[in-house]
Amino acid sequence: MNATWSRFNITSIVLGFAFLYLPIVLLIVFSFNESKLVTVWGGFSTKWYVSLFHNQGLMDATWVTARVGVISATVATVLGTLAAITLTRYTRFKGRVLFSGMVFAPLVMPEVITGLSLLLLFVAVGLDRGFFTVTLAHITFTMCFVAVVVQSRLVSFDRSLEEAAMDLGAPPVKTFFQITLPVIMPAIISGWMLAFTLSLDDLVIASFTSGPGATTLPMKIYSQVRLGVTPEINAACTILIAVVAIGVIIASIANKRREVQRQRDEQAAQRG
């Protein structure tokens, strides 16, 4: 019975991973296809990557997406970290329930509703849609994800470290930057990476809030896919997958090294 269930579990896992990742593998493989037909293999070639970098429309969309992602992820990380600290450290204040609901509402709100509500807001205040409105929209819906990640780290944070620093004369601000911030930095980095990835992936909200000159890469790809998939799109998606994968690996290595260093420092402090 155990052997039967074991084979069943292994088969289920293999089929599950194949369902998730086989399309991505096929996309990467056909990005090196010589033929212009994306479903017919015509030999190995990198010409579509060269053609991609000469496609001004895709390059402009990529540049807009990168700027929106970096700016929105950075601002969302700052605001999400402050929100997480507020919710964790200040458990009793008027309006806490309302504040918590407003912070985490985008987590459960359909993207269509979020995009439409932001569109109506920008129209009501007379704000022209473009790069600025897309960035504001991405900050709005990515901030909650950063708050969740950082809050989960703050819940398990050892407050005695801060108390010890303040007992030795360190003011609260200095304690935060020298004690609290280094400890929660892995969570902050993870939150930034998550916010940046969500910004790169967004299509629905950007479609509602974008304007002339603010076409993101997902919007550009979607508009071209409606007319047919081209090898250039496969190449663009492959580069995007590589960038995200490299970023995740670098962040994981950095977090691991920081965690090891933190454990060494704690052990050295205990010996001292």
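This dialogue walks through a predicted model, from its overall make-up to the packing of its helices and two single residues.

Reader: Before I look at any detail, how many helices and strands are there in the protein chain?

Author: A count of elements is a sensible start, and in the protein chain there are eleven helices and zero strands, so that the elements, read from the N terminus on, run α-α-α-α-α-α-α-α-α-α-α. The C-alpha atoms fill a box of roughly 70 × 65 × 40 Å along the principal axes, and buried residues make up 34% of the 272 residues.

Reader: Which residues does the UniProt annotation "transmembrane region" cover?

Author: An annotation is best read beside the computed geometry, with its source kept in mind. The UniProt record, an unreviewed entry, gives "transmembrane region" for residues 12-32, 64-85, 97-125, 131-155, 176-198 and 233-254. Among them, residues 12-32 are 90% helix and 0% strand in the model, with end C-alpha atoms 31 Å apart, while residues 131-155 are 100% helix and 0% strand, with end C-alpha atoms 36 Å apart. The unreviewed entry also carries "domain: ABC transmembrane type-1" over residues 62-254, a span that is 82% helix and 0% strand and whose end C-alpha atoms lie 26 Å apart.

Reader: At what angle do the axes of α3 and α6 cross?

Author: Two packed helices are described by the angle between their axes and the distance between the axes. Here the axes of helix α3, residues 56-89, and helix α6, residues 131-155, come within 5 Å and cross at roughly 40°. Angles under 35 degrees would count as roughly parallel, and α3 and α6 are therefore oblique to each other. Their crossing is right-handed, and the contact of α3 with α6, sorted by class, has 18 nonpolar, nine polar and two charged residues.

Reader: How do the axes of α3 and α8 cross?

Author: The two quantities are read again in turn, and for α3 and α8 the axes come within 8 Å and cross at roughly 135°. That value makes α3 oblique to α8, since only angles over 145 degrees count as roughly antiparallel. The crossing of α3 and α8 is right-handed.

Reader: Which helices each supply at least two residues of the largest nonpolar core?

Author: For a core, one can ask about its size, its best-connected members and the elements that contribute to it. The largest nonpolar core has 14 residues, and V150, L154, I184 and I188 have the most contacts inside it. Helices α3, α6 and α8, the last spanning residues 172-201, each supply at least two residues of this core, and the largest share, seven residues, comes from α8.

Reader: Turning to single residues, is G80 buried or exposed?

Author: For a single residue, the element, the accessibility and a spatial partner can be read together. G80 sits in helix α3 and counts as buried, because its relative accessibility is 0%. G80 and M143 are 63 residues apart in sequence, yet their C-alpha atoms are 4.9 Å apart in space.

Reader: And what is the relative accessible area of A164?

Author: A164, placed in helix α7, residues 159-167, has a relative accessible area of 40% and is therefore partly exposed, given that buried means under 20% and exposed over 50%. A164 and T175 are eleven residues apart in sequence, with a C-alpha to C-alpha distance of 9.5 Å.

Terms used. Residues are numbered from 1 along each chain as its sequence is written. This is a predicted model: local features need pLDDT of at least 70, side-chain atom pairs count only at pLDDT 80 or more; totals for chains, interfaces and linings use all residues. Side-chain values use heavy atoms; hydrogens and water are left out. Axes are lines fitted to C-alpha atoms, for helices over the stretch in contact, and angles run from 0 to 180 degrees between N-to-C directions. Helices (H or I, at least four residues) and strands (E, at least two) are DSSP runs, numbered from the N terminus. Angles under 35 degrees count as roughly parallel, over 145 as roughly antiparallel, 65 to 115 as roughly perpendicular and the rest as oblique. A crossing is left-handed if the near helix is turned anticlockwise from the far one by less than a right angle, and right-handed if clockwise. Ala, Val, Leu, Ile, Met, Phe, Trp, Tyr, Cys and Pro count as nonpolar, Asp, Glu, Lys and Arg as charged, and the others, Gly among them, as polar. UniProt positions are given in the numbering used here, feature names are shortened, and annotations may be inferred rather than shown by experiment. A nonpolar core is a set of buried Ala, Val, Leu, Ile, Met, Phe, Trp, Tyr and Cys residues joined through side-chain atoms within 4.5 Å. Buried means under 20% relative accessible area, exposed over 50%, partly exposed in between (1.4 Å probe, protein chains only).
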